[in-house]
Amino acid sequence: MKERVNQLFKDKLVLVMLVLGLLTIVAAAGAVRIRKGAQNMEESPYLEIKEPEGMIAEETEPPRTVAGSSNAHEAEPAGAGAGSHVTENTLGAAETEAAALEDPPADEAGAAAGDSLVLDFTESDRLLWPVQGNVILGYSMNTTTWFPTLEQYKCNPANVIQSEVSTPVSAPADARILEVGVNEEIGNYVRLDLGNGYQAVCGQLKEIPVVENEYVSRGDVLGYVAEPTKYYSLEGASLYFELLSGDEPVDALDYLE
């Protein structure tokens, strides 16, 4: 009986030692795994994820449209901030305004000039000579005068002033352009409104830079003396200059300086 008890005790002791051995092995294996995990954490604390081929690693900002742009689908370059929006819009507005100021339409330019010009020509005012030269055919509505080219006497509502081709023709006073036209007798002409019912007509012109309803100042170029029409071929290059008060022609020599 005693021997049997001793044998059972030995068996239990062996079993306990086996269990302790297994526990020791398990504990040692866990320590090794924890140490390896710590080393990996020291080398790279972040989880490394491989990027798929064909993808851009860098995150890009989605395209945005510029406020006020004429093309709503035009994308803004990546990385542009709110400051660039303000700068682009401000510069665009400034450039548009500058272009409008530099090159206004002809009607607007004429209206702007008209605001500063008061057309108030009176009988006591003096006109600037549109060209310098001799009067070769004078005003004569009460009598007739000889026209060499036409070989006849007839009344003359204007003064024909001798000049040379391409001589600049000046506005005789502040005026508004009533008409830019052409007819067989006096060729290309400009009709001016001087104010208070006074009008002036400059004929036998070329290269006329003014347009209807435009305001011109005294001395501004209305055009240039052209080759004479067939009605003035013998008289030669000259300016046809007519002055009217109301609808009646008057002698411009009475008003010229």
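This text goes through a predicted model of one protein chain, from its overall make-up to its cores, a surface patch and its salt bridges.

The protein chain contains three helices and 12 strands. Of its 257 residues, 27% are buried. Among the contacts with a sequence separation of 6 or more, 61% are between residues 24 or more positions apart. The chain exposes about 17,300 Å² of surface, and carbon and sulfur atoms supply 55% of that area.

The interior comes next. In soluble globular proteins, nonpolar side chains tend to be buried together. The largest nonpolar core in this model has 29 residues, and those with the most contacts inside it are L127, L192, L194, L222, F241 and L243. Several strands each supply at least two residues of this core: strand 6 (175-183), strand 7 (187-195), strand 8 (198-206), strand 10 (221-225) and strand 11 (238-245). Strand 8 gives the most, with four residues. Apart from this core lies another one, of 10 residues, which include F147, V160, Y189 and L244.

Two members of the largest core show what surrounds such a residue. L192 touches P172, A175, R176, I177, L178, Y198, Q199, A200 and L222, when residues up to four places away in sequence are not counted. L127 belongs to a loop, the one between helix 3 (106-116) and strand 1 (135-137). L127 has a relative accessible area of 0% and is therefore buried, the cut-off being under 20%. Leaving aside neighbours within four places in sequence, the contacts of L127 are F121, P172, A173, L194, R218, F241, L243, Y255, L256 and E257. One of these pairings can be followed along the backbone: the C-alpha atoms of L127 and A173 are separated by 6.0 Å, although the two residues are 46 residues apart along the chain.

A polar residue can also be found inside. S238 lies in strand 11 and is buried, with a relative accessible area of 0%. What does the side chain of S238 make a polar contact with? The partner is the side chain of Q204, at 3.1 Å. Q204 is also among the residues in contact with S238 once neighbours within four places in sequence are left aside; the others are I136, V160, I161, Q162, S163, G203 and V225.

Nonpolar residues also occur on the surface. V14, L15, V16, L18, V19, L20 and L23 make a nonpolar surface patch of about 650 Å². V19, one of the residues in this patch, has its place in helix 1 (residues 2-43). The relative accessibility of V19 is 41%, so V19 counts as partly exposed.

The last topic is charge pairing. Side chains of opposite charge can pair when their charged atoms come close. A search of the whole structure finds four salt bridges, and three of them can be described here one by one.

E179 forms a salt bridge with R191, with the closest N and O atoms 3.5 Å apart. Because E179 lies in strand 6 and R191 in strand 7, this pair ties together parts that are 12 residues apart in sequence. E179 is partly exposed at 28% relative accessibility, and R191 is likewise partly exposed, with a relative accessible area of 24%.

The side chains of E184 and K230 meet in another salt bridge, at 2.8 Å from N to O. This pair links distant parts of the chain, 46 residues apart: E184 is in the loop between strand 6 and strand 7, and K230 is in the loop between strand 10 and strand 11. K230 is exposed, with a relative accessible area of 56%.

The side chains of E257 and R218 also meet in a salt bridge, at 2.1 Å from N to O. E257 lies in the segment after strand 12 (248-250), while R218 is in the loop between strand 9 (215-216) and strand 10, so the pair ties together parts that are 39 residues apart in sequence. E257 is exposed, with a relative accessible area of 53%, whereas R218 is partly exposed at 34%. Both E257 and R218 are also among the contacts of L127, a residue with a relative accessible area of 0%.

Terms used
Residues numbered from 1 in each chain as written. Predicted model: local features only at pLDDT ≥ 70, side-chain atom pairs only at ≥ 80, totals over all residues. Heavy atoms only, no water. Core = buried A, V, L, I, M, F, W, Y, C linked by side-chain atoms within 4.5 Å. Buried < 20%, exposed > 50% of the residue type's maximum accessible area, 1.4 Å probe, protein only. Contact = heavy atoms within 4.5 Å. Patch = residues over 30% accessible without salt bridge, like charges linked within 9 Å, V, L, I, M, F, W, Y side chains within 5 Å. Areas by Shrake-Rupley, 256 points an atom, 1.4 Å probe, with all protein chains shown as cover. Polar contact = N/O pair within 3.5 Å; in protein donor to acceptor, adjacent residues only side chain to side chain.
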